[in-house]
Structure formats: C-alpha cells, structure tokens
Amino acid sequence: MDMQQMDMQQQECDIAIIGGGMVGALAAALLAPTGLSIRLIEAKRPTEFNPEQPQDLRVSAISATSVALLEKAGAWQRILDMRAWPYQRLEAYEWQGFHTEFSAASVNCDYLGYMVENRLIQLGLWQALAQYPNVTLDCPNGLEALHQTESGAFLTLAHGQQLNASLVLACDGAESFTRQLAGIGISAWDYGQRCMLISIEADQLESDMTWQQFTPSGPRAFLPLGKEQGCLVWYDQKQRIQALAKLDNETLAEQVMANFPPRLGNFKVLSKGSFALRRRHANQYVKGRVVLLGDAAHTINPLAGQGVNLGFKDVAAIVDLVSQGAEAQLDIGSVERLARYQRRRRPDNLLMQTTMDVCYHAFSNDILPLKILRNLSLRAAQHSGPLKTRVMKYAMGL
Ligand SMILES: Cc1cc2nc3c(=O)[nH]c(=O)nc-3n(C[C@H](O)[C@H](O)[C@H](O)COP(=O)(O)OP(=O)(O)OC[C@H]3O[C@@H](n4cnc5c(N)ncnc54)[C@H](O)[C@@H]3O)c2cc1C
C-alpha cells in the first residue's frame with residue numbers, strides 16, 4: 001500500500017484536537033498521561049527558537065495558575081530555558097497619585113505572573129509532547145469537513161485523510177472553522193478600537209512592574225520583557241492606530257513620548273503591530289462531540305491580560321472530566337460529561353468578559369464626574385486591604 005492509499009484510509013483516534021497553539025498544545029500535553037490516542041492537528045509550524053531572535057510582538061501575561069498548568073504539562077522549564085520574564089508589581093491609574101498597586105510580596109509570592117512570547121509557550125509544549133507515543137502531532141494539516149453521529153465524529157483533513165474520533169477539541173482560535181463546521185453561533189461586537197503593540201529597548205525600564213494608565217481615548221500600558229526590553233500597548237480609535245502604524249520607528253517613538261506617561265525615560269522602538277479588539281462568545285461550548293476551548297469559545301478585551309489564562313482554565317476543566325471518564329472506562333464524549341464542561345466554564349468566562357467591558361467603558365470617556373469618581377475608586381481600591389488581596393488572587397488564578 002503506498003503512502004497516498006494509507007492517507008486515504010479511515011484512521012481512528014480517541015481525541016482529535018484542532019489547533020496546536022497554546023491552548024490546543026496544553027490540552028494535548030495534559031491529556032497525554034491518560035494513554036488515550038490523541039491527534040493534534042495544526043495548520044502552521046512555529047519557527048524554532050534561537051536566542052539571537054528579537055522578542056516576538058505577541059506576548060502574554062501568564063498567571064501563577066497557568067504557570068502551574070504548564071509545569072504539570074512538562075513545558076515550563078523548557079519555556080524558562082528559552083525566555084520568560086517575571087514581574088512582581090502591577091499598577092493601574094489615571095491621575096498620578098490616584099492609583100492602585102498590587103505586589104507579589106503582599107500575597108507572599110515571588111511573582112504576580114510572567115511575560116512570555118506566545119510562540120515560546122507553544123514550542124515548550126510541543127517539546128513536552130515528543131515524549132508521548134500516544135500523541136501524534138500532525139502539522140501542517142487542517143480540518144476540511146466534519147460530520148457527527150451519536151457514537152463519533154468523522155473528520156476530513158486537508159490532506160484528504162478521514163479520521164474518526166470519540167471527542168473533538170476545537171482549539172483553532174477566534175475564527176474557529178471547527179466551530180463553524182459544528183454549527184455553533186457566536187455573539188460578537190467590535191470595541192471600535194484597535195490596539196498597537198510596540199516593542200522597545202531602553203536603559204532604565206521598570207523591569208519588575210507592569211503598569212496601565214487609563215486615558216479617555218483608551219489605556220496605555222507597559223509590559224516588561226527583560227531588564228532592557230519591554231512592550232508598550234496603545235489602545236485607541238481605529239483611525240488613529242492605523243495612522244500610527246504607517247509611521248517609521250523614530251517618528252512613532254516621538255508620538256509615544258507625547259502620549260505615554262514620562263516614566264519610560266529614553267527608549268528606542270524596535271518593532272510594532274496592531275490588532276482589532278473584538279469580543280466574541282460562542283452561544284454554546286458543546287455540540288455533539290465537539291467542544292470549544294480558548295479563543296474558539298471566547299475572546300476578551302486584552303486590557304487585563306486574561307485571554308489565554310481563561311483558555312488554560314478551559315483546558316484544566318476538560319482534562320479533569322475526560323481523565324475521570326478514561327479512568328472509569330466510560331465514554332469520554334458523553335452528553336452529560338460535556339454538559340458539565342460547559343456549566344463549569346461558560347459562566348466564569350462570561351463574568352470575566354463583562355468585568356473587562358465595565359472597566360473598559362468606565363475608563364474610556366472624558367465625563368468629568370465619572371473621571372473624578374473612577375480616580376477616587378482607584379485610590380479607595382489602593383487602601384481596601386482584604387478586598388484588594390482577593391481581587392489580586394483572582395487575577396493570579398490563586
Ligand atoms: C493584542 C492582544 C494582546 C493579548 N495579550 C494577552 C495577555 O497579555 N495575556 C493573555 O492571557 N492573553 C492575551 N491575549 C489573548 C491571547 O493571545 C489569546 O487568548 C490566545 O492566543 C488564545 O490561544 P488559542 O490557542 O485559543 O488560539 P490561537 O493562539 O489563535 O491558536 C490557534 C491555533 O490554531 C491553528 N489553526 C487555526 N485554524 C486551524 C485549522 N482549521 N486547522 C488546524 N489548525 C488551525 C492556528 O494556526 C493556531 O496555531 C491577547 C490578545 C491580543 C489580540
């Protein structure tokens with residue numbers, strides 16, 4: 001039988017995961033110890049790491065809970081061996097003097113979180129997967145068609161293979177084709193804003209701290225990526241960001257100096273990129289044997305850096321339920337089991353989306369009484385003791 005005939009053969013696996021990004025790869029790595037046969041299907045191979053590479057623009061603030069999940073998956077040390085940067089303090093303010101600061105020391109932790117390039121999280125997980133003979137990494141490949149019956153899902157892949165699976169995890173991001181093929185609708189709206197990521201280099205960065213200043217046209221934020229490297233995040237009206245994106249790096253640096261707080265000192269712009277801000281929420285997380293996780297299920301305003309951390313919580317929930325099923329030798333994709341996943345995750349994700357939207361709208365206007373009120377709130381929050389600790393622990397996922 002030649003390769004092509006083999007490819008055309010009907011193949012079987014217990015779990016097909018569509019999308020081998022951060023969320024899909026974490027799901028594969030945490031499900032691998034169950035011994036179930038897993039096929040991780042990813043369209044695009046990430047570029048290998050090389051320490052000489054400049055930092056990618058796409059970085060995520062990873063919470064302590066996410067770090068623990070990556071540790072459990074056998075990926076965290078591999079990520080640290082490439083690059084990751086811890087931060088110990090977080091500050092949010094509008095007017096100087098009316099701010100809220102959170103610190104790791106106040107909750108007896110060494111760090112609040114880590115800034116990590118998305119690609120390195122993915123690479124660390126892919127490296128960890130190599131030790132499992134029951135996981136097949138199928139890349140480049142993609143999903144072309146999906147058909148479901150009560151007992152299983154039948155997938156047609158881009159290379160023509162036919163694959164039967166008991167469970168399909170859709171981890172193929174915000175525009176999820178798997179979600180569309182499964183016939184799951186979403187509610188979505190545009191924030192009418194874009195966000196620009198600007199990679200910078202400087203001598204005197206506040207490298208242990210991430211801060212966010214709210215302005216009526218949108219927040220301005222700083223994410224530390226090293227002693228002398230960082231990433232600026234500039235939220236603004238679409239037209240303004242589009243105009244900024246056309247500037248050369250020197251002129252953009254002048255615009256940053258005029259529009260960001262002076263605490264940055266002297267810096268040089270290394271690279272930039274911009275992203276649309278869109279909230280999406282799938283109307284249901286489960287249809288038959290297809291389950292949505294991560295951005296395929298929800299996208300959120302990146303204001304508080306919670307996106308992938310919520311996706312990792314989705315992974316933890318489905319891994320828990322599937323592992324229980326596998327151990328008891330029950331159907332891993334049964335209706336009851338998957339309904340429990342949706343009940344666990346959808347309300348939590350909805351609450352976080354809504355909280356982010358309330359913050360975003362409360363701070364993105366120039367109405368004087370509201371301005372005074374929100375600055376007083378930030379100041380009150382700074383002195384709110386136990387409440388502040390609870391908020392911080394929630395953001396850290398503790
Ligand atoms: C500007 C910005 C800043 C952000 N900052 C933060 C932050 O600080 N902290 C945080 O937690 N989150 C942040 N996020 C959100 C975070 O980036 C996302 O939540 C995260 O990338 C979602 O991961 P995912 O694996 O679900 O999806 P993705 O990262 O989109 O991965 C999907 C994968 O599926 C693959 N794929 C797609 N279609 C197919 C197909 N048909 N077949 C096979 N493979 C396919 C893709 O190639 C990709 O590898 C930010 C988002 C934005 C836009």
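Select Tyr-93 and Gln-213: Tyr-93 stands opposite Gln-213 in β13. The model on screen is a predicted one. Extend the selection to both strands, β5 (residues 89-93) and β13 (residues 209-213), which run parallel and are joined by five bridges.

Stay on β13 and add strand β14 (residues 220-224). These two strands pair in the antiparallel sense, over three bridges. One of the pairs to display is Gln-212 with its bridge partner Ala-221 in β14. Six residues lie between β13 and β14, and the two strands form a hairpin. Colour Gly-218 in the turn, where phi is positive at about 135°.

**The three-stranded sheet**

Next, select β3 (59-63), β4 (85-87) and β7 (residues 113-117). Together they make an open sheet of three strands in the order β3-β7-β4, with antiparallel pairing. β3 and β4 are the edge strands; each has a single partner strand, so one side of each has no neighbour in the sheet. On average, neighbouring strands here are turned by 30° against each other, direction ignored.

Zoom in on β4 and β7, an antiparallel pair joined by three bridges. Within it, Trp-85 stands opposite Met-115 in β7. Then add helix α5 (residues 118-129), which lies across β3 and β7 and runs at about 90° to β7.

**The ligand shell**

Show the ligand and the residues around it. The shell holds 32 residues, of which Gly-19, Gly-21, Gly-173, Gly-294 and Gly-307 come nearest. By class, it divides into 14 nonpolar, 14 polar and four charged residues.

Which elements supply at least two residues of this shell? They are α2 (22-31), β3, β12 (186-202) and α9 (307-327). The largest share, four residues, comes from α9. β3 therefore appears on two stops of this tour, as a contributor to the shell and as an edge strand of the sheet.

**Helix α2 and the nonpolar core**

Keep α2 selected and hide the rest. Is this helix mostly covered or mostly uncovered? It is mostly covered, with ten of its ten residues buried. Among them are Met-22, Val-23, Leu-30 and Leu-31.

Now display the largest nonpolar core, which has 103 residues. Leu-26, Ala-27, Val-291 and Leu-293 have the most contacts inside it. α2 gives the most to this core, with nine residues.

Centre on Leu-293. Leaving out residues up to four places away in sequence, Leu-293 touches Val-23, Ala-27, Leu-169, Ala-170, Cys-171, Gly-311, Asp-314, Val-315 and Ile-318. Val-23 and Ala-27 in that list are buried residues of α2.

**A buried lysine**

Move to Lys-272 in strand β16 (residues 267-282). Why does Lys-272 count as buried? The reason is that 20 other C-beta atoms lie within 10 Å, and 20 or more is the cut-off for a buried residue.

Show the surroundings of Lys-272. Neighbours within four places in sequence aside, Lys-272 is in contact with Met-196, Leu-197, Ile-198, Ala-245 and Leu-252. For a distance label, pick the C-alpha atoms of Lys-272 and Asp-248: they are separated by 9.8 Å, while the two residues are 24 apart along the chain.

**Backbone details in the loops**

Three loop positions are left to pick.

- Pro-140 is in the loop between β8 (135-138) and β9 (143-148). The peptide bond that joins Cys-139 and Pro-140 is cis, with omega about 0°.
- Asn-108 is in the loop between β6 (99-103) and β7. Its phi is near 55°, a positive value in a residue other than glycine. Asn-108 is exposed, because 6 other C-beta atoms lie within 10 Å.
- Gln-329 is in the loop between α9 and α10 (335-363). Gln-329 is not a glycine, yet phi is positive at about 55°. Gln-329 is exposed, with 7 other C-beta atoms within 10 Å.

**The whole protein**

Finally, zoom out to everything. The protein has twelve helices and 19 strands. Of its 398 residues, 43% count as buried. Among contacts between residues at least 6 apart in sequence, 75% join residues at least 24 apart.

Conventions. Residues are numbered from 1 along each chain as its sequence is written. This is a predicted model: local features need pLDDT of at least 70, side-chain atom pairs count only at pLDDT 80 or more; totals for chains, interfaces and linings use all residues. A residue is near a molecule or strand if its C-beta atom, placed from the backbone, lies within 6 Å of it. Ala, Val, Leu, Ile, Met, Phe, Trp, Tyr, Cys and Pro count as nonpolar, Asp, Glu, Lys and Arg as charged, and the others, Gly among them, as polar. A residue is buried if 20 or more other C-beta atoms lie within 10 Å of its own, exposed if 12 or fewer, and partly exposed in between; C-beta atoms are placed from the backbone. Two residues are in contact if their C-beta atoms, placed from the backbone, lie within 7 Å. Two strands pair if DSSP finds at least two bridges between them. Axes are lines fitted to C-alpha atoms, for helices over the stretch in contact, and angles run from 0 to 180 degrees between N-to-C directions. A nonpolar core is a set of buried Ala, Val, Leu, Ile, Met, Phe, Trp, Tyr and Cys residues joined through C-beta atoms within 7 Å.
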